[in-house]
Amino acid sequence: MYNLSCYNPGSFILVGIPGLEKFHIWIGIPFCVIYVLAITGNGTLLYLIAVEDSLHEPMFFFLSMLATTDLILSIATVPKLLSNLWFGSQEITFTGCLTQMFFLHFSFVVDSAILLAMALDRYVAICFPLRYTTILTPQVIIKLVVSVVVRSFSVILPDVFLLKQLPFCGTRIIPHTYCEHIGVARLSSADISINIWYGFSVPLMTVISDVIFIAVSYVFILHAVFQLSSLGARQKALGTCGSHICVILMFYTPAFFSILAHRFGHGVPRNVLILFANLYVAIPPALNPVVYGVKTKQIQDKFVLLFTLKKTQ
């Protein structure tokens, strides 16, 4: 009976942000604001792309996928964070923990793949403008979407099975605000070398390959842009990539910084690392709609038109 309960633990305890318990209520306020912005911004973006025929293009379709995964990431992490900080709801079931962990890592890998697909879109639009509609056909877009989802699912699903086969006979206290693969695996008394190897190497290599292909696509894009004779044409071509580059920097920079900080930042206080990790899962989903709303004229115009119509009604 004891061994059976080890392999099927009832629940875990999410501590929150250790050392900052006195400030949990105040810390929750900005996270709540960020969460509302993320839900509102991404929801509005999805609505505009769905109802406006002029936004039914490959780039905006990929953007709608990015908004969807941002919603998944926010919903999977921030509500539990707020209930922990404000109401002391620290308990999470084993199934709930595995579910949260899956969607957390799944959305990260999907986001990375979507950014690669958007880089491909910009590459075709700038390097082969006359063949854009014949290359990125609806059939090609569907194949890209299916490959993104299947690849991400295949990479992250083994994490769930690796955790389910571990015994948790000792402490079930997680010094964090959400469940992530290695953090949960460290609670087991068994050998977790395969969890560390797979949980760190495979998703990281998947994302690094995306970064390499994105960099290669932008080398070709820049080469094509600087071959244009007109300065105005160069600025217009680069302007179409501005929002994509901003989102890439917002996504990858803190991600790699967080990975390096956890790997080599032994002198960094744990509460600082946890706070930074929560900011990383909360802020990009809130900022992405703002970046595309400011940088993309079609979305900006439709957004202004939407609220102008609401005011006149």
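Cys179 counts as buried because its relative accessibility is 0%. Here, buried means under 20% relative accessible area, exposed means over 50%, and partly exposed lies in between, with a 1.4 Å probe and protein chains only. Before going further, please note that this is a predicted model, in which local features need pLDDT of at least 70 and side-chain atom pairs count only at pLDDT 80 or more, while totals for chains, interfaces and linings use all residues. Residues are numbered from 1 along each chain as its sequence is written, and side-chain values use heavy atoms, with hydrogens and water left out.

**The cysteines**

What is Cys179 joined to? A disulfide links Cys179 with Cys97, with 2.1 Å from S to S. The term stands for a pair of cysteine sulfur atoms within 2.5 Å. A disulfide is a covalent bond between the sulfur atoms of two cysteines. The structure holds one such link. The bond between Cys97 and Cys179 is left-handed, with -120° about the S-S bond. Cys97 belongs to helix 4, whereas Cys179 sits in the loop between strand 3 (173–174) and helix 7 (181–185), so the disulfide ties together parts that are 82 residues apart in sequence. Helices (H or I, at least four residues) and strands (E, at least two) are DSSP runs, numbered from the N terminus.

Here is how four cysteines compare in accessibility:

| Residue | Relative accessibility | Class |
|---|---|---|
| Cys97 | 1% | buried |
| Cys179 | 0% | buried |
| Cys127 | 22% | partly exposed |
| Cys246 | 28% | partly exposed |

Cys246 is part of helix 10 (residues 242–264). Its C-alpha atom is separated by 10.0 Å from that of Leu287, and the two residues are 41 places apart along the chain.

**A small sheet**

Let us turn to the strands. Three of them form an open sheet in the order 2-1-3, with mixed pairing. Strand 2 and strand 3 stand at the edges with a single partner strand each, so one side of each has no neighbour in the sheet. Two strands pair if DSSP finds at least two bridges between them. Strand 1 (residues 11–14) and strand 2 (residues 91–93) run antiparallel and are joined by three bridges. Ile13, for instance, has Glu91 in strand 2 as its bridge partner. Strand 1 and strand 3 run parallel, with two bridges between them. On that side, Leu14 has Ile174 in strand 3 as its bridge partner.

**The nonpolar cores**

Which residues touch the most other members of the largest nonpolar core? They are Phe12 and Leu63, in a core of 70 residues. Helix 4 (residues 94–127) gives the largest share of this core, 17 residues. A nonpolar core is a set of buried Ala, Val, Leu, Ile, Met, Phe, Trp, Tyr and Cys residues joined through side-chain atoms within 4.5 Å. Another core lies apart from the largest one and has 13 residues, including Ala38, Val78, Leu81 and Ala282.

Leaving aside neighbours within four places in sequence, Leu63 is in contact with Leu45, Ile49, Met118, Tyr292 and Ile299. Contact means heavy atoms within 4.5 Å.

**Met59 and the cavity**

Met59 is found in helix 3 (residues 58–87). With 12% relative accessibility, Met59 counts as buried. Beyond its neighbours within four places in sequence, Met59 is in contact with Met118, Asp121, Arg122, Tyr132 and Thr296. Met59 and Arg122 are 63 residues apart in sequence, yet 8.0 Å apart in space, C-alpha to C-alpha.

Met59 also helps to line the largest cavity, together with Phe62, Met118, Asp121, Arg122, Thr240 and His244. On a 1 Å grid over the protein atoms alone, a cavity is a set of points where a 1.4 Å probe fits but cannot get out, and lining residues have an atom within 4 Å of a point. Grid points are joined across faces, edges and corners, and a volume is the space filled by probe spheres set on the points. The count comes to one cavity of 30 Å³ or more, and the largest cavity holds about 40 Å³ of space. Helix 4 gives the largest share of its lining, three residues, and helix 3 and helix 4 each supply at least two.

Methods: 1 Å grid on protein atoms, 1.4 Å probe; cavity = no way out; pocket = protein on both sides within 12 Å on 5 of 7 lines; lining within 4 Å.
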